[in-house]
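Thanks for coming. I will go through one model today, starting with the overall fold and then moving to a few helices and loops.

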Amino acid sequence: MKFFVSFYRFVSAFFCLAGCRGIITHGQVKHLAFFTYQSNIILGFVMFWAGVATLIKGIQPPAWLKGMITLDIAVTGLAAWLALPPADLNASLKVGPIPCIILLHIVNPIMAGIDFLLFDEHRRMTAKMPLFWMIYFPVYLVFILIRAAIFPNSNLLDNGSPYPYGFIDLKNISVQQFLQNIVLYAAAFVVLGYIIYAIDAALPAKTALTGETHKGR
């Protein structure tokens with residue numbers, strides 16, 4: 001079973017890398033400002049680590065890191081489905097027949113969810129971890145605000161905005177709306193984080209698919 005789990009995680013890591021091919025092969029470095037790309041890059045790293053650890057019976061990614069990236073990639077998938085405008089699949093680079101945007105927003109979040117449910121050892125998380133996980137969100141926002149101030153003409157969106165998402169686009173929304181959006185998304189991070197924690201606590205610590213015992217928290 002460990003060979004299957006390891007292979008699955010390596011495939012997931014490859015899809016994360018492949019989804020970011022615009023950055024790697026086309027020099028689209030500005031895409032690093034998107035939460036979508038950041039979360040997929042981190043997920044790829046964590047999945048590769050987990051795949052190697054599974055194969056050699058090594059130390060798995062700690063629960064706080066695995067939980068955080070599971071939350072972040074879930075937000076990536078849900079935001080694309082619920083909040084962001086439909087992507088132009090014809091304009092997206094492809095990996096074989098699959099548009100990269102599909103890998104980033106649909107395939108990789110689903111694969112991460114399956115990995116969390118079936119291949120992770122559970123009950124490693126603590127009740128404080130979901131609050132810790134959301135730290136990434138304000139750090140990301142600070143990064144975006146500083147970047148937009150330094151590179152006001154970086155044109156991340158079709159309307160020429162230096163902000164990667166409409167809900168934080170201070171060129172086109174008021175400060176009040178910006179703050180309201182931030183509170184809403186921060187609350188979503190916390191709620192979703194505790195849903196992940198509750199699922200982890202409800203599942204058996206080990207199942208037939210969790211493989212070897214994880215070392216450390």
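A word on terms before the numbers: a residue is called buried when its relative accessible area is under 20%, exposed when that area is over 50%, and partly exposed in between. On that definition, 46% of the 217 residues in the protein chain are buried. Please keep in mind that what you see is a predicted model.

The overall picture. The protein chain contains 8 helices and 2 strands. Read from the N terminus, the order is α-α-α-α-β-β-α-α-α-α. Along the principal axes, the C-alpha atoms fill a box of roughly 50 × 40 × 25 Å. What radius of gyration would a compact globule with 217 residues have? The answer is near 17 Å, and the protein chain has 18 Å, so the two agree.

On contacts, take the pairs in the protein chain with a separation of 6 or more: residues 24 or more positions apart account for 72% of them. The accessible surface is about 11,000 Å², and carbon and sulfur atoms hold 73% of that. As for charge, there are 15 positive and 9 negative side chains, and the centres of the two sets are 6 Å apart.

Now the helices, beginning at the N terminus. Helix 1 covers residues 2–19, which is 18 residues. From first C-alpha to last, helix 1 reaches 26 Å, close to the 26 Å expected at 1.5 Å a residue. Its buried residues include Val5, Tyr8, Arg9 and Cys16. Note that Arg9 is on that list. Against what do the buried residues of helix 1 pack? The partners are helix 2 (21–26), helix 3 (35–56), strand 1 (94–95) and helix 5.

Between helix 2 and helix 3 there is a loop, and His31 lies in it. Is His31 buried or exposed? Its relative accessibility is 16%, so His31 counts as buried. Setting aside residues up to four places away in sequence, His31 touches Ile23 and Tyr37. His31 and Cys20 are 11 residues apart along the chain, and their C-alpha atoms are separated by 8.7 Å.

Helix 3 has 22 residues, which should span 32 Å at 1.5 Å a residue; the end C-alpha atoms are 32 Å apart, so that agrees. After helix 3 comes Lys57, with a positive phi near 60°.

Trp64 belongs to helix 4. With a relative accessible area of 36%, Trp64 is partly exposed. Trp64 and Gly27 are 37 residues apart in sequence, and from C-alpha to C-alpha they are 32 Å apart in space.

Next, the backbone angles. Most residues other than glycine have a negative phi. Two loop residues deserve a look here. Arg123, in the loop between helix 5 (100–119) and helix 6 (129–133), has a positive phi of about 65° although it is not a glycine. Asn155 sits in the loop between helix 7 (136–150) and helix 8 (175–202). Its phi is also positive, near 55°. With a relative accessible area of 38%, Asn155 is partly exposed.

That brings us to helix 8. It has 28 residues and reaches 40 Å from its first C-alpha to its last, close to the 40 Å expected at 1.5 Å a residue. Among its buried residues are Phe178, Asn181, Tyr185, Ala186, Phe189 and Asp200. Which elements cover the buried residues of helix 8? The cover includes helix 3, helix 4 (63–82), helix 5, helix 6 and helix 7.

Two residues show some of this in detail. The first is Asn181, in helix 8. At 12% relative accessibility, Asn181 counts as buried, because the cut-off is under 20%. Leaving out residues up to four places away in sequence, Asn181 touches Phe167 and Ile173.

The second is Met134, in the loop between helix 6 and helix 7. Apart from its neighbours within four places in sequence, Met134 is in contact with Ala186, Phe189 and Val190. Of these, Ala186 and Phe189 are on the buried list of helix 8. Met134 and Val190 are 56 residues apart along the chain, and their C-alpha atoms are separated by 6.6 Å.

That is the tour. I can take questions now.

Key
Residues are numbered from 1 along each chain as its sequence is written. This is a predicted model: local features need pLDDT of at least 70, side-chain atom pairs count only at pLDDT 80 or more; totals for chains, interfaces and linings use all residues. Side-chain values use heavy atoms; hydrogens and water are left out. Helices (H or I, at least four residues) and strands (E, at least two) are DSSP runs, numbered from the N terminus. Buried means under 20% relative accessible area, exposed over 50%, partly exposed in between (1.4 Å probe, protein chains only). The radius of gyration is taken over C-alpha atoms; the globule rule is 2.2 Å times the number of residues to the power 0.38. Contact means heavy atoms within 4.5 Å. Accessible areas come from the Shrake-Rupley method with a 1.4 Å probe; for residues, only the protein chains shown count as cover. Lys and Arg count as positive and Asp and Glu as negative; His and the chain ends are not counted. The place of a charge is taken as NZ of Lys, CZ of Arg, CG of Asp or CD of Glu. The expected span of a helix is 1.5 Å times one less than its number of residues.
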